[in-house]
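Reader: I'm new to protein structures and would love a close look at a single part of this one. Could you take me through the inside of it, and then show me what sits around it?

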Amino acid sequence: MPGEEIFYLSVTEWAKRIEAKTLSPVDLTQVYLRRSEKYGPRLNAYARLTPDLALAQAQAAEKDIRRGHYRGPLHGFLTPRRIC
């Protein structure tokens, strides 16, 4: 599981580590969800936190990457969603 240093890396560095399989999209998501749950209410940072959706998307990205279907630096970061 990543430590505190993960919060100080750029998205480019996360992408390199994810592509190299030294960082898991699921682990990265879990670290940020914990941080969001801790600081989000105090900072009023989110209208709504969706941890189940975030983890499902991270798991899908990780599965694709393990199969050799890495789509580029934003794979796993941006997932198109229909907003109703």
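Which residues make up the largest nonpolar core, and how many are there in all?

Author: Quick housekeeping before we dive in. This is a predicted model, so local features need a pLDDT of at least 70 and side-chain atom pairs count only at pLDDT 80 or more, while totals for chains, interfaces and linings use all residues. Residue numbers run from 1 along each chain as its sequence is written, and side-chain values use heavy atoms, leaving out hydrogens and water.

Now for your question. The largest nonpolar core has eight residues in all: Ile6, Phe7, Trp14, Ile18, Leu23, Leu28, Val31 and Ile65. A nonpolar core here is a set of buried Ala, Val, Leu, Ile, Met, Phe, Trp, Tyr and Cys residues joined through side-chain atoms within 4.5 Å. "Buried" means under 20% relative accessible area, "exposed" means over 50%, and "partly exposed" is in between (1.4 Å probe, protein chains only). Helix H1 (11-19) and helix H2 (25-43) are the elements that give two or more residues to this core. Helices (H or I, at least four residues) and strands (E, at least two) are DSSP runs, numbered from the N terminus.

Let's walk along H1. Trp14, Ala15 and Ile18 are its buried residues. They sit on the same side of H1 because they cover an arc of only 100 degrees around the axis; that arc is taken from the directions from the helix axis to the C-beta atoms. Flip to the face turned away from that buried side and you'll find the exposed residues Thr12 and Lys16. What covers the buried residues of H1? H2 and helix H3 (51-66) are included in that cover.

Past the end of H1 comes lysine 21, with a positive phi near 65 degrees. Lysine 21 belongs to the loop between H1 and H2, and it counts as exposed because its relative accessibility is 53%. Serine 24 is found in that loop between H1 and H2 too, but serine 24 counts as buried, at 18% relative accessibility. Look at what serine 24 does at the start of H2: a side-chain oxygen of serine 24 comes within 3.1 Å of the backbone nitrogen of valine 26. For a polar contact, you need a pair of N or O atoms within 3.5 Å; within protein, one must be able to donate a hydrogen and the other to accept it, and residues adjacent in sequence count only if both atoms are side-chain atoms.

On to H2, whose buried residues are Pro25, Val26, Leu28, Thr29, Val31, Leu33, Ser36 and Gly40. Those residues pack against H1 and H3, where contact means heavy atoms within 4.5 Å. H2 also has a bend of about 35 degrees at glutamate 37, and proline 41 follows within four residues. The bend is the angle between axes fitted to the seven residues ending at a residue and the seven starting there. Just after H2, asparagine 44 takes a positive phi of about 55 degrees. Asparagine 44 lies in the loop between H2 and H3 and is exposed, with a relative accessible area of 67%.

Finally, the charged pairs. The whole structure holds four salt bridges, each a side-chain nitrogen of Lys or Arg within 4 Å of a carboxyl oxygen of Asp or Glu. In one of them, the side chains of glutamate 4 and arginine 35 meet at 3.9 Å, N to O. Glutamate 4 is in the segment before H1 and arginine 35 is in helix H2, so this pair ties together parts that are 31 residues apart in sequence. Glutamate 4 is exposed at 51% relative accessibility, and arginine 35 is partly exposed at 29%.

Another bridge joins glutamate 62 and arginine 66, with the closest N and O atoms 2.9 Å apart. Both lie in helix H3, four residues apart, about one turn of the helix. Glutamate 62 counts as buried, at 16% relative accessibility, whereas arginine 66 is exposed at 58%.

Aspartate 64 and arginine 71 also pair up through their side chains, at 2.8 Å, N to O. Here aspartate 64 is buried at 15% relative accessibility, while arginine 71 is exposed at 62%. Histidine 69, in the segment after H3, is in contact with Asp64 and His75, leaving aside its neighbours within four places in sequence.
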